[in-house]
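Trainee: I have a model open and would like to go through its packing. Can you walk me through it?

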Amino acid sequence: MNTTRVTKEKAISRLRDAGLTKEADALKTWRDRNGNNWGWDGWIRRAHPHVVSKIWPI
């Protein structure tokens with residue numbers, strides 16, 4: 001599993017570049033229960049596993 005540090009903004013950009021706009025929009029609006037961005041990477045891996053290789057290319 002690639003765990004290279006990627007910002008949420010960069011991940012959204014990579015998803016849009018790959019044509020995955022629905023997933024990019026979902027990530028853009030995602031927040032944890034406290035209203036923070038912490039944990040977005042774990043959420044996207046579980047909710048949209050098909051996008052992992054677009055965010056963290058090998």
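Mentor: We can go through one helix, the core and the charged side chains in turn. This is a predicted model, so to speak of local features we need pLDDT of at least 70, and side-chain atom pairs count only at pLDDT 80 or more, while totals for chains, interfaces and linings use all residues. Residues are numbered from 1 along each chain as its sequence is written, and side-chain values use heavy atoms, with hydrogens and water left out.

Trainee: Which residues of helix α2 are buried?

Mentor: In α2, residues 21-29, they are E23, A24 and L27. Buried means under 20% relative accessible area, exposed over 50%, and partly exposed in between, with a 1.4 Å probe and protein chains only. Helices are DSSP runs of H or I with at least four residues, numbered from the N terminus.

Trainee: Why do they line one face?

Mentor: Seen down the axis of α2, the buried residues fall within an arc of 100°, so they line one face of the helix. The arc is that of the directions from the helix axis to the C-beta atoms. K22, K28 and T29 are exposed on the other side.

Trainee: What does the buried side of α2 pack against?

Mentor: Its buried residues pack against α1 (8-17) and α3 (40-47). Contact here means heavy atoms within 4.5 Å.

Trainee: Now the core. How many residues are in the largest nonpolar one?

Mentor: It has 14 residues, and those with the most contacts inside it are L15, L27, W40, I44 and I55. The elements giving two or more residues to this core are α1, α2 and α3. A nonpolar core is a set of buried Ala, Val, Leu, Ile, Met, Phe, Trp, Tyr and Cys residues joined through side-chain atoms within 4.5 Å.

Trainee: Charges next. How many salt bridges turn up?

Mentor: A search of the whole structure finds one. D25 pairs with R16, the closest N and O atoms being 2.7 Å apart. The criterion is a side-chain nitrogen of Lys or Arg within 4 Å of a carboxyl oxygen of Asp or Glu.

Trainee: Are those two buried or exposed?

Mentor: D25 is partly exposed at 39% relative accessible area, and R16 is partly exposed at 34%.

Trainee: And which opposite charge is nearest to E23?

Mentor: K22, with its side chain 5.1 Å away; E23 is buried yet has no salt bridge. Lys and Arg count as positive and Asp and Glu as negative, with His and the chain ends not counted.

Trainee: Where is V51?

Mentor: V51 lies in the loop between α3 and α4 (52-55), and is buried at 0% relative accessible area. Leaving aside neighbours within four places in sequence, V51 is in contact with L15, L20, E23 and I44.
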